Amino acid sequence: MSDAVQPTAAEVRAAAEAVKTALDRHLAAVERRSGDDDPAVYEAFNELAAAAEEYDELLYDRYDEVTPFEIPGTDDTLLPYTGPEEPNALSVLIRRDYAVVEPQRLLAQAQRVEAVEEDGATAAAGFDAAAGTVHGALGVLFGEFEPDEIASRHKEFGLEEGDSTLWVTAADEPADPGEWLESPFESIDPQRVVCRFDVSAVFDEESDDDEIEDETEDDLGPDGELDEDGDLEPLDADR
């Protein structure tokens with residue numbers, strides 16, 4: 001960065017003071033918390049993360065120095081909440097990813113649904129034989145079962161779970177009927193996200209890596225060697 005656009009020492013000092021203020025506010029919110037999901041704690045956490053990130057950037061730009069703090073997920077989801085304190089409406093946005101790992105199982109399940117519909121004489125026009133393709137089978141199954149049931153029974157349908165996320169966003173007023181149906185996932189303001197819940201194999205992999213590292217450290221013998229079963233190898237007296 002050139003000298004012309006470097007932050008001043010005063011700006012860095014002000015950012016440091018902002019971190020101190022945000023830290024005090026976060027501690028005060030934690031001390032007054034009303035429960036595990038207290039929005040005041042959530043807001044104070046986001047403000048502290050934003051202040052720490054700002055300070056870290058200015059410190060590096062001015063002095064080529066970094067802080068020892070690790071700021072998790074410093075993206076738009078950590079911006080301070082600016083929605084209504086008492087929302088009159090909310091939206092729940094859910095994304096679940098799946099891989100089609102057993103197409104034949106998927107097709108078979110969809111065909112069973114079609115058979116029941118046909119036997120009950122309730123088949124809609126164009127519904128017959130829709131399960132003859134993977135595309136058609138997905139339409140049949142997701143038209144028949146609720147998303148939560150698909151999630152709980154995904155293996156039965158030949159699917160493998162991927163990442164998933166759920167966002168709860170606050171609104172001042174409920175949307176008018178049909179207002180957002182053409183573009184349901186556009187214009188989401190990250191500063192109105194009340195809470196979010198993420199599920200990913202990445203988290204499991206990190207946990208597994210930690211467990212493997214711990215087990216390896218526990219299984220090491222005095223000479224630092226393991227046998228194939230993780231037991232200590234007998235010492236070689238000739239060595």
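Q: Within this protein a polar contact is a pair of N or O atoms within 3.5 Å, one able to donate a hydrogen and the other to accept it. With that in hand, what caps the N-terminal end of H2?
A: In this predicted model, the cap is Asp38. One of its side-chain oxygens lies 2.9 Å from the backbone nitrogen of Ala40, and the cut-off is 3.5 Å, so the pair qualifies as a polar contact.

Q: How do you know whether the length of H2 agrees with what a helix of 25 residues should span?
A: Set the two numbers side by side. H2 runs over residues 39–63, and at 1.5 Å a residue it should span 36 Å. Its end C-alpha atoms are 36 Å apart, so the two agree. H1 (9–31) passes the check too: with 23 residues it reaches 33 Å from first C-alpha to last, close to the 33 Å expected.

Q: Which residues of H2 are buried, and what covers them?
A: The buried set is Val41, Ala44, Asn46, Leu48, Ala49, Ala51, Ala52, Tyr55, Asp56, Leu58 and Leu59. Helix H1 is included in what covers them. Looking from the other side, the buried residues of H1 pack against H2; these are Val12, Ala15, Ala16, Val19, Ala22, His26 and Ala29.

Q: What is notable about the backbone just after H2?
A: Asp64 takes a positive phi there, of about 55°, and this is a residue other than glycine. Asp64 sits in the loop between H2 and strand S1 (89–100).

Q: Why is Asp64 called what it is on the scale of buried, partly exposed and exposed?
A: Its relative accessible area is 55%. Exposed means over 50%, so Asp64 is exposed.

Q: And which label does Ile188 get, buried, partly exposed or exposed?
A: Ile188 comes out at 32% relative accessibility. That value is neither under 20% nor over 50%, so Ile188 counts as partly exposed.

Q: What does Ile188 touch once its neighbours within four places in sequence are left aside?
A: Ile188 is in contact with Leu93, Trp167 and Thr169. It lies in the loop between S2 and strand S3 (193–199). Ile188 and Leu93 are 95 residues apart in sequence, and their C-alpha atoms are 9.7 Å apart in space.

Q: How many aromatic pairs does a search of the whole structure find?
A: One.

Q: What makes the rings of Phe145 and Phe157 a pair, and is it stacked, edge-to-face or tilted?
A: The ring centres are 5.2 Å apart and the limit is 6.5 Å, so they pair. The planes stand at 35°, which is neither under 30 degrees nor over 60, so the pair is tilted.

Q: What parts does that pair tie together?
A: Phe145 is in the loop between helix H4 (134–144) and helix H5 (147–152), while Phe157 is in the loop between H5 and strand S2 (159–171). The parts they tie together are therefore twelve residues apart in sequence.

Q: How do you know whether Phe145 and Phe157 are buried or exposed?
A: Buried means under 20% relative accessible area. Phe145 has 16%, so it is buried. Phe157 has 1%, so it counts as buried as well.

Q: Which residues make up the largest nonpolar core?
A: There are eleven: Leu106, Leu107, Ala110, Val113, Ala137, Val140, Leu141, Phe145, Ile150, Phe157 and Leu159. H3 and H4 each supply at least two of them, and H3 brings the largest share, four residues. Apart from this core lies another, of ten residues, among them Val19, Leu48, Ala51 and Leu58.

Q: Why is Val113 called buried, and what is it in contact with?
A: The relative accessible area of Val113 is 9%, and the cut-off is under 20%, so the label follows. Val113 is found in helix H3 (residues 103–119). Leaving aside neighbours within four places in sequence, it is in contact with Val140, Leu141, Glu144 and Phe145. Take Glu144: it is 31 residues from Val113 in sequence, yet their C-alpha atoms are 7.8 Å apart.

Q: What does the chain look like as a whole?
A: It has six helices and three strands, in the order α-α-β-α-α-α-β-β-α. Of its 239 residues, 23% count as buried. The chain exposes about 17,000 Å², with carbon and sulfur atoms supplying 51% of that.

Key:
Residues are numbered from 1 along each chain as its sequence is written. This is a predicted model: local features need pLDDT of at least 70, side-chain atom pairs count only at pLDDT 80 or more; totals for chains, interfaces and linings use all residues. Side-chain values use heavy atoms; hydrogens and water are left out. Rings of Phe, Tyr and Trp (its six-membered ring) pair if their centres lie within 6.5 Å; planes under 30 degrees apart count as stacked, over 60 as edge-to-face and the rest as tilted. Helices (H or I, at least four residues) and strands (E, at least two) are DSSP runs, numbered from the N terminus. Buried means under 20% relative accessible area, exposed over 50%, partly exposed in between (1.4 Å probe, protein chains only). The expected span of a helix is 1.5 Å times one less than its number of residues. Contact means heavy atoms within 4.5 Å. Accessible areas come from the Shrake-Rupley method with a 1.4 Å probe; for residues, only the protein chains shown count as cover. A nonpolar core is a set of buried Ala, Val, Leu, Ile, Met, Phe, Trp, Tyr and Cys residues joined through side-chain atoms within 4.5 Å.
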